[in-house]
Amino acid sequence: MSKYFGTDGFRGEANVNLTVEHAYKIGRFLGFYYGREHRCSIVIGKDTRRSSYMFECALTAGLTASGADVYLMHVTTTPSVSYITRTDDFDCGIMISASHNAYHDNGIKLLNSDGEKMPQCVINEIEKYLDDDFGEIPFASGSDIGKAIDYSSGRNRYIGYLISLATHSYKGLRIGLDCANGSTWMMAKNIFDTLGAETVVIGNEPNGLNINDGCGSTHIENLRKLVTSQRLDVGFAFDGDADRCIAVDETGRIIDGDLILYIYGKYMKARDKLTNNTIVTTVMSNFGLYKALDRAGIDYAKTDVGDKYVYECMRANGHLIGGEQSGHIIFSKYAATGDGLLTAIKLMQAMLAQKQPLSVLAAPVQIYPQILKNVRVADKDAALSHHAVKESLKEAEEMLGGNGRVLLRPSGTEPVIRVMAEAPTDEGCERAVDTIIAAMHSNGLIVG
């Protein structure tokens, strides 16, 4: 595991464990790395956090000091940076965002020239430089010093691209949008208004401190109230950098990533567009999704948690749709990353083409109750491999009798085992999870 970078970039509290010096040095390295044989060009986007402006300046200083030209998309979405990096032939792209986290956190997401997450080999070199284990990087001088260029036109081209993907007019539809006081605060309304919808928007007054604060895809209750109280046809909530989308149907039911995968995957299958007849999920997708996919005759792959792993599976096997419960949905024909706005447009396509509301399209999926408990252990590997734990896992699975599942997953950042169960009832989940935790207790595996 990387020291600084996780599956979704370098993330931490601004100027605490992700500092302006980190950003400057990342810029210095990238300008050097991509500029060894030519003057490189790198595009940067940011969300609405107060610290995003600071990190944008630090990255720009580092990049230009190493000789790179920097193109600034300003406040925009992560998928827009991915799209522009790929289509406008940039050497790499950078998005400044901590996604769904609160304002005091921030992050630096790095994309390669194809708009995909940066290869680990490059991340490893960046981390060596951050730890002063790489060697000196020369400063550019004279005419070799880079420059910063306004590139808001790139954001506008991305908006045009999304609009071009819509297959139907939204005229006559009333649509709710929760922009999380983040990257879509103007963009989402412009897109849906252009397509003819009557939009009702919340979470569109960013002040640098209120991103994801009681709004957006992680606080879906606000959109539910909006949709039901104003009798809207559908609602869409995004996170801070809009790589996620969670929908709400006209009845107020939450349409999470699992339901989105089912609705659009089934729509693709009906049109013979579901390549390999396969949807890519993560191990945390709900058991109810798998039961519904089985009934629909759709195959599925399971990856580790993280849209990075979903995309890697899709790319390696040619699958066209995949994602996570959290609303990271990847349509690989159109994007190399999760894209909340694209997801909303695709759900609208499924609704309008089939002339059915989301409530009807999602009805075949009965989401199973899920319980997740975190257990702090002295040694994650020892706990997972312990004979008594393995036996308790078998016992819990037998309790469920094939009508549910149990999952043990080690945390990637803490000495914690996550014990999760899904079953038709909350009581069944509790019994299964507690059976495993009791085995850990009785064998001295739990600490604290």
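Two strands count as paired if DSSP finds at least two bridges between them. Helices (H or I, at least four residues) and strands (E, at least two) are DSSP runs, numbered from the N terminus. The structure is a predicted model, in which local features need pLDDT of at least 70 and side-chain atom pairs count only at pLDDT 80 or more, whereas totals for chains, interfaces and linings use all residues. Residues are numbered from 1 along each chain as its sequence is written, and side-chain values use heavy atoms, with hydrogens and water left out.

**Close-up A. The open sheet of 7 strands has mixed pairing.** The strand order is S1-S2-S6-S5-S3-S4-S7. Strands S1 and S7 form the edges, each pairing on one side only. Towards the S7 edge, strand S4 (residues 69–75) pairs with S7 in the parallel sense over 3 bridges. Within this pair, Val70 has Ala148 in S7 as its bridge partner.

**Close-up B. Phe10 has a bridge partner in S1 and a residue opposite in S6.** A hairpin of 2 residues connects S1 to S2. S1 and strand S2 (residues 9–13) are antiparallel and share 2 bridges; here Phe5 is partnered by Phe10 of S2. S2 is also antiparallel to S6, with 4 bridges between them, and Ile108 of S6 stands opposite Phe10. Strands of a sheet pair through backbone hydrogen bonds, either parallel or antiparallel.

**Close-up C. Helices H1 and H2 pack against strands of the sheet.** H1 lies across S1, S2, strand S3 (41–46), strand S5 (92–96) and S6, and runs at about 5 degrees to S6. Helix H2 (residues 50–65) touches S3, S4, S5, S6 and S7, its direction making about 170 degrees with that of S3. Contact means heavy atoms within 4.5 Å. Axes are lines fitted to C-alpha atoms, for helices over the stretch in contact, and angles run from 0 to 180 degrees between N-to-C directions.

**Close-up D. A salt bridge links Asp132 and Lys25.** The closest N and O atoms of the two residues are 2.7 Å apart. Asp132 belongs to the loop between H4 and strand S7 (148–150), while Lys25 belongs to helix H1 (residues 20–34), so the pair ties together parts that are 107 residues apart in sequence. A salt bridge is a side-chain nitrogen of Lys or Arg within 4 Å of a carboxyl oxygen of Asp or Glu; by this rule the model has 21 salt bridges.

**Close-up E. The largest cavity holds about 180 Å³ of space.** Its lining comprises 17 residues, and the closest to its centre are Gly6, Thr7, Gly9, Leu110 and Lys117. Strand S1 (5–6), strand S6 (105–111) and helix H4 (120–130) each give two or more residues to this lining. S6 gives the most, with 3 residues. By class, 5 lining residues are nonpolar, 7 polar and 5 charged. Ala, Val, Leu, Ile, Met, Phe, Trp, Tyr, Cys and Pro count as nonpolar, Asp, Glu, Lys and Arg as charged, and the others, Gly among them, as polar. A cavity is a set of points, on a 1 Å grid over the protein atoms alone, where a 1.4 Å probe fits but cannot get out; lining residues have an atom within 4 Å of a point. Grid points are joined across faces, edges and corners, and a volume is the space filled by probe spheres set on the points. The count comes to 2 cavities of 30 Å³ or more.

**Close-up F. The second largest cavity holds about 40 Å³ of space.** Residues that line this cavity include Pro79, Ser82, Tyr83, Arg86, Tyr158 and Tyr161, together with Tyr334, Ala335, Ala336, Thr337 and Asp339. Helix H3 (78–87) and helix H5 (152–165) are the elements that give two or more residues to the lining. H3 gives the most, with 4 residues. The lining has 7 nonpolar, 2 polar and 2 charged residues.

**Close-up G. A further open sheet consists of 3 strands with antiparallel pairing.** The strand order is S17-S19-S18. Strand S17 (370–376) and strand S18 (405–410) are the edge strands, each pairing on one side only. From one strand to the next, the twist averages 15 degrees. S17 and strand S19 (residues 416–422) run antiparallel and are joined by 7 bridges; Val375 stands opposite Ile417 in S19. Helix H14 (residues 387–400) packs on this sheet and touches S18 and S19, its direction making about 150 degrees with that of S18.

Methods:
1 Å grid on protein atoms, 1.4 Å probe; cavity = no way out; pocket = protein on both sides within 12 Å on 5 of 7 lines; lining within 4 Å.
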